[in-house]
Amino acid sequence: MGTQFGGILKERRKEKKLTLTQIADLTGLSAGYLSLLERNMNSPTIENLNKVCAVLNLTLSDLIERASVQKDIVSHPGQRTFLFNESGYTYEAAFESSRSMNCIIMTVRDKETHNSTAHVADEIGYIVQGTMIMTINGVDYPLSAGDCIFIEANQNHSYHKTSGEDCISVWSYAVSPGHDTVEQYKKCLDV
């Protein structure tokens, strides 16, 4: 995805104490569209960005300047890009793929077995909440909150949640120069 304006627009809207519905009424855009815009989940037109900026008393050039200067070093819930957003699980990219490392936040709600083909990079997972079993090359590894696991590149693996609560884990991996590993990661998941 290109330049990320959503966080800047949301911050400005909150400074002005406006709701998405109020912005929608003033711009003629739907609240759903504006919500997606604030979460960087759509590709807005310049015309629509101008409408929102006008209501927020912000010029488009100010918005572009702020976005080009701002390099997000904090990832907030609701502002992350979903790689997968299904009823039983979600995968969120903690940061955009223009970094030397990437991080995926995985939330598993169902108890189905999810298969993942071999990845192009080593990855490390940390269980934040709940429990799961990770199976690598036929060996089961029970994991609980606080546990870490290292999965070497090119290893087929699968997992399933064993706790009653959602299982939340954080996965990090290095990015090869010249490769968009988030896209590669999405291609090799068979969930």
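**Exercise 1. Find how many residues the hairpin uses to join S1 to S2, then describe the pairing of these strands.**

*Solution.* Start at the connection: three residues make up the hairpin that links S1 to S2. This is a predicted model, so please read each step below as a statement about that model. Next, look at the strands themselves. S1 covers residues 81-85 and S2 covers residues 89-93, and their antiparallel pairing runs over four bridges. To fix the register, take Thr81, which faces Ala93 in S2.

**Exercise 2. Place S1 and S2 in their sheet, and work out which strands are at the edge.**

*Solution.* First, write down the strand order. The open sheet has six strands, arranged S1-S2-S3-S10-S5-S8 with antiparallel pairing. Then check the ends: S1 and S8 each pair on one side only, which makes them the edge strands. Now consider the twist. On average, and ignoring direction, neighbouring strands of this sheet are turned by 20 degrees against each other. Finally, look at the S8 end. S5 (residues 123-129) is paired with S8 through four bridges in the antiparallel sense, and Glu123 has Ile151 in S8 as its bridge partner.

**Exercise 3. Describe a second hairpin, formed by S6 and S7, and say which residue in the turn has a positive phi.**

*Solution.* Begin with the pairing: S6 and S7 (residues 139-144) are antiparallel and share six bridges. One pair to locate is Met134 with its bridge partner Tyr141 in S7. Then move to the turn. Two residues lie between the strands, and Asn137 in the turn has a positive phi of about 50 degrees.

**Exercise 4. Which residues have the most contacts inside the largest nonpolar core, and which elements give two or more residues to this core?**

*Solution.* Step one is the membership. The largest nonpolar core has 20 residues, and those with the most contacts inside it are Tyr91, Met106, Met132, Met134, Ile149, Tyr159 and Trp171. Step two is to assign the core to elements: S1, S2, S3 (101-108), S6 (131-136), S8 (148-151) and S10 (167-174) each give two or more residues. Step three is to look elsewhere in the chain. Another core, of 17 residues, lies apart from this one and includes Ile8, Leu9, Leu49 and Cys53.

**Exercise 5. Why are the buried residues of H1 on the same side of the helix? Repeat the analysis for H3.**

*Solution.* List the buried residues of H1: Gly6, Ile8, Leu9, Arg12 and Arg13. They lie on the same side of H1 because their arc around the axis is only 165 degrees. A helical rule helps here: an α-helix has 3.6 residues a turn, so residues three or four places apart point the same way. Just after H1, Lys17 has a positive phi of about 55 degrees.

Now turn to H3 (residues 31-38), where Leu34, Ser35, Leu37 and Glu38 are buried. These residues share one side of H3 because they cover an arc of only 160 degrees around the axis. To see what they face, follow their packing: the buried residues of H3 pack against H1 (6-15), H2 (20-27) and H4 (46-55). After H3 comes Asn40, with a positive phi near 55 degrees.

**Exercise 6. Summarise the chain: how many helices and strands does it have, and what percentage of its residues is buried?**

*Solution.* Count the elements first: six helices and eleven strands. Of the 191 residues, 41% are buried. Then turn to the surface, where the accessible area is about 10,200 Å², with 52% belonging to carbon and sulfur atoms. Last, consider contacts with a separation of 6 or more: 62% of them involve residues 24 or more positions apart.

Technical notes: Residues numbered from 1 in each chain as written. Predicted model: local features only at pLDDT ≥ 70, side-chain atom pairs only at ≥ 80, totals over all residues. Heavy atoms only, no water. Pairing = 2+ DSSP bridges. Core = buried A, V, L, I, M, F, W, Y, C linked by side-chain atoms within 4.5 Å. Buried < 20%, exposed > 50% of the residue type's maximum accessible area, 1.4 Å probe, protein only. Contact = heavy atoms within 4.5 Å. Areas by Shrake-Rupley, 256 points an atom, 1.4 Å probe, with all protein chains shown as cover. Arc of directions from axis to C-beta. Axes fitted to C-alpha atoms, helices over the stretch in contact; angles between N-to-C directions.
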